[in-house]
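Trainee: I am new to this structure. Please take me closely through one part of it, the open sheet, and then the loops.

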Amino acid sequence: MKVFRFAEVGSTNDIAFEKLSAGEVPPFAISAESQSKGRGRHGHTWISEKGNLFLSFALNPSDISKEGLGIFPQCFALLFVENLQASVQIKWPNDIFFNKRKVGGVLLETKFEKMQLKHVIFGVGVNVCSAPDVKNVAGYAAGVLPMSEDMNSVEKVENQLIATLTRALSLAREKKMSDFLQKNWPKYDIFYGQKIFIRSNGQEFCGIDVGVDANGALMIKDENGGLHYFNSGESEIIIDCW
């Protein structure tokens, strides 16, 4: 895959969109040593300290169906964590955690033109060397990805992410993402089987995390045994109970 490399950018996702608008043909990737305007889900800021990994993929829209866009980031995160030889887990929907600290995250952004999917950008941020001394509004702190012989540099983590993308796209093309997600999610879900708090549309809800459904929605069982489903676009787990 062609990778465009920069010392510093505002956002690697923004640069990818600019490249696409200028006629660059996907797939390709944007890599930067640092970002000044990194972002995550729900408008959260991604603090991008130099020495960590900031990577965005421009994907071919034909590789992922509209229906599959919602769960693609979850499948990608799950595949990445599955490959690591460490106690790395996922916090729904696609945050990467180690020792109860967020070490990475993914953000998928799209652009439509005349109701047709025009561009698909998939951004990944991983704290490889350092973590900002901050606590997220949802109640969790940042951490650093555990090092191993094959994951001890930005370059090696980047290569692993590119390999993970290849596997995720294969699942998408074969329409196997839902099956993969439901089968493997419980093994890596940091809160699976635990009582959690979730904020959705301005309201808070408490229940037991019992996994995800075929569409990647979080399933929560209430005290009466009833199941409730939460979509990632409007919901967020609150973990200030840690």
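Mentor: Here is the sheet, followed by the loops.

This is a predicted model, where local features need pLDDT of at least 70, side-chain atom pairs count only at pLDDT 80 or more, and totals for chains, interfaces and linings use all residues. Residues are numbered from 1 along each chain as its sequence is written, and side-chain values use heavy atoms, with hydrogens and water left out.

Five strands make an open sheet, in the order 11-10-9-8-12. The pairing is antiparallel. Strands (E, at least two residues) and helices (H or I, at least four) are DSSP runs, numbered from the N terminus. Two strands pair if DSSP finds at least two bridges between them. Strand 11 (227-230) and strand 12 (235-238) stand at the edges. Each has a single partner strand, so one side of each is left without a neighbour in the sheet.

Look inside the sheet now. Strand 8 (residues 195-200) and strand 9 (residues 203-212) run antiparallel, joined by 6 bridges. Lys 195 has Ile 208 in strand 9 as its bridge partner.

Next, the loops. Pro 27 sits in the loop between helix 1 (12-21) and strand 2 (28-35). The peptide bond from Pro 26 to Pro 27 is cis, with omega near 5°. Pro 93 is in the loop between strand 4 (88-91) and strand 5 (95-98). The bond from Trp 92 to Pro 93 is cis, with omega near 5°.

Lys 100 lies in the loop between strand 5 and strand 6 (101-113). Lys 100 is not a glycine, yet has a positive phi of about 65°.
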